[in-house]
Amino acid sequence: MTNPVWTGRGRRVYLQEVGTRDGLQAEAAFVPTEDKVALVNALSDAGLAKIEVTAFVSPKAIPALRDAEQVLREIRRNPDVVYSALVPNVRGAERAIESRADEMNLVMSATESHNLANLRMTREQSFAGLAEVAAIGRSAGVAVNVSLSCAFGCPMEGDVPVETVLAWCGRYVETLGAHGVTLCDTTGMAFPTQVAELTSAFLERWPGTELTLHFHNTRGIGLANVLAGIDAGADRFDASFGGIGGCPYAPGASGNVCTEEIAHALALMGYDTGIDLPLLLAAASRLPALIGHDIPSQIVKAGRRLDLHPRPADFDQIRARALARPMAA
Ligand code: COA
Ligand code: ZN
């Protein structure tokens with residue numbers, strides 16, 4: 001990948017679906033394997049550039065994704081789509097490689113507090129684990145992406161210095177040989193000017209590395225952050241169909257930015273996302289029945305901008321009455 005160049009209208013923006021992992025892992029309901037497979041196939045047909053299909057984590061920790069092997073085995077592979085999976089450790093890497101994942105997505109946090117709270121390890125311990133997994137990926141010829149949680153702020157430590165984030169990115173790119181890095185706004189703390197600063201700094205230092213921005217819409221700033229990222233040169237964004245994710249008991253509270261909302265807005269602005277919006281909407285519309293609750297997606301609720309509504313049934317009478325009224329002097 002070369003450094004994305006601003007070409008104005010028609011510029012390619014890659015949308016990467018994470019709903020089947022970041023979204024479904026948070027759901028109380030177990031979505032049946034055949035439905036997961038059907039959703040991934042529908043998302044492939046809808047034109048997503050990459051799909052994080054599942055996670056090779058402990059089935060006790062995340063029972064919702066305990067069918068990871070079967071899902072990857074049964075999906076229809078579209079050669080234009082990268083099928084990625086989250087991998088927390090060596091065991092996960094072995095399972096992902098065995099299941100022919102195209103890419104392994106490794107995770108750690110930018111702050112010590114969040115890394116300890118979430119992964120029960122110090123950041124250095126996590127990095128050592130990532131290095132082991134990256135080496136396995138290299139010898140198996142499977143691409144490695146590293147996701148850095150809390151890159152835009154930590155719910156326990158607050159602001160994270162830009163230099164801290166960049167120092168970790170440097171170790172992923174230069175020491176681990178990661179082909180991609182994802183800067184994650186895990187708890188919705190990012191804001192547009194900050195996104196622009198971090199994106200520009202990253203692209204300046206590692207123009208050949210695939211950069212993804214991963215936002216949650218926790219505080220309603222998600223789409224603004226995507227637009228700020230695009231203006232600063234980013235061209236890859238994670239998003240979840242239906243806007244799912246976060247706490248299953250507070251739907252919409254902290255889901256990822258919504259794929260169809262981003263695709264809809266970017267299409268209006270003339271960007272080339274490769275997304276077939278009706279197909280994506282059809283996939284998202286299946287979610288409420290599968291997860292047992294409403295979804296945050298505004299586009300599923302309101303329709304697209306030019307999905308017009310019929311005039312009222314008595315429109316002719318309304319017009320006749322209006323025309324019969326004398327004009328104000
Ligand atoms: N795949 C399958 N099983 C795994 C596994 C993997 N990748 N990693 C660990 N396990 C199993 C172990 O076999 C063990 O099972 P047992 O209790 O039957 O013996 C159990 O999980 C605990 O393993 P341990 O090595 O002690 O690891 P841990 O408890 O430190 O687990 C994680 C660490 C992170 C792998 C595990 O907690 C996990 O998968 N968590 C989910 C993380 C996640 O997806 N978070 C959300 C996205 S960031
Ligand atoms: Zn996330």
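A polar contact is a pair of N or O atoms within 3.5 Å. The views below show a predicted model.

**Figure 1. Surroundings of ligand 1 in the predicted model.** Ligand 1 is surrounded by 14 residues, and the closest are Phe56, Ser58, Lys60, Asn89 and Arg95. By class, the shell around ligand 1 holds six nonpolar, four polar and four charged residues. Helix α4, which runs over residues 90-98, makes the greatest contribution to this shell, with three residues.

**Figure 2. Polar atom pairs between ligand 1 and Phe56, Lys60 and Asn89.** On the Lys60 side, an N or O atom of the side chain lies 2.8 Å from an oxygen atom of ligand 1. This distance counts as a polar contact because the cut-off is 3.5 Å. The side chain of Asn89 also supplies an N or O atom, here 2.8 Å from a nitrogen atom of ligand 1. At Phe56 the partner is a polar backbone atom, and a nitrogen atom of ligand 1 is 2.9 Å from it. On its own, ligand 1 has 900 Å² of accessible area, and the protein covers 54% of that area.

**Figure 3. The zinc ion (ligand 2) and its protein donors.** Which atoms of the protein are donors of the zinc ion? They are OD of Asp22, NE2 of His214 and NE2 of His216, lying 2.2 Å from the ion. Along the sequence, the spacing of the donor residues reads D-x191-H-x1-H. Are His214 and His216 buried or exposed? His214 has a relative accessibility of 5% and is therefore classed as buried, the limit being under 20%. His216 is buried as well, its relative accessible area being 8%.

**Figure 4. Arg236 and its contact with Gln16.** Arg236 is part of strand β8, which covers residues 236-239. The side chain of Arg236 makes a polar contact of 2.8 Å with the side chain of Gln16. With a relative accessible area of 9%, Arg236 is buried.

**Figure 5. Cys150 and Cys154, two cysteines without a disulfide.** Why is there no bond between the sulfur atoms of Cys150 and Cys154? The closest cysteine sulfur to that of Cys150 belongs to Cys154 and is 4.7 Å away, which is too far because a disulfide requires sulfur atoms within 2.5 Å. For Cys154, in turn, the nearest cysteine sulfur is that of Cys150, and Cys154 is in no disulfide. The structure as a whole has zero disulfides. Both cysteines are buried: Cys150 has 0% relative accessibility, and Cys154 has a relative accessible area of 1%.

**Figure 6. Positive phi at Cys150 and Arg100.** Most residues other than glycine have a negative phi. Where in the fold is Cys150? Cys150 belongs to the loop between β5 (143-149) and α7 (162-175), and its phi is positive, near 60 degrees. Arg100, which is not a glycine, has a positive phi of about 60 degrees. Arg100 sits in the loop that runs between α4 and β4 (103-109). The two residues fall in opposite accessibility classes: Cys150 is buried at 0%, whereas Arg100 is exposed at 55% relative accessibility. Arg100 is classed as exposed because the class begins over 50%.

**Figure 7. Ala68 in helix α3, with Val57.** Ala68 lies in helix α3, whose residues are 68-74. How many residues separate Ala68 and Val57 in sequence? They are eleven residues apart, and their C-alpha atoms are 8.8 Å apart in space. Ala68 is buried, with 0% relative accessibility.

**Figure 8. Leu106 in strand β4, with Phe241.** Leu106 is located in strand β4. Its relative accessibility is 1%, so Leu106 counts as buried. Between Leu106 and Phe241 there are 22 Å from C-alpha to C-alpha, for two residues 135 apart along the chain.

**Figure 9. Ser126 in helix α6, with Leu281.** Helix α6 spans residues 123-140 and includes Ser126. Ser126 is buried, its relative accessible area being 3%. The C-alpha atom of Ser126 is separated by 38 Å from that of Leu281, and the two residues are 155 apart along the chain.

Conventions. Residues are numbered from 1 along each chain as its sequence is written. Chains are lettered from A and ligands numbered from 1 in the order in which they are written. This is a predicted model: local features need pLDDT of at least 70, side-chain atom pairs count only at pLDDT 80 or more; totals for chains, interfaces and linings use all residues. Side-chain values use heavy atoms; hydrogens and water are left out. A residue is near a molecule or strand if one of its heavy atoms lies within 4 Å of it. A polar contact is a pair of N or O atoms within 3.5 Å; within protein, one must be able to donate a hydrogen and the other to accept it, and residues adjacent in sequence count only if both atoms are side-chain atoms. Accessible areas come from the Shrake-Rupley method with a 1.4 Å probe; for residues, only the protein chains shown count as cover. Helices (H or I, at least four residues) and strands (E, at least two) are DSSP runs, numbered from the N terminus. Ala, Val, Leu, Ile, Met, Phe, Trp, Tyr, Cys and Pro count as nonpolar, Asp, Glu, Lys and Arg as charged, and the others, Gly among them, as polar. Donors are N, O and S atoms within 2.8 Å of the metal (3.2 Å for Na, K and Ca); water is not among the atoms, so sites may look incomplete. Buried means under 20% relative accessible area, exposed over 50%, partly exposed in between (1.4 Å probe, protein chains only).
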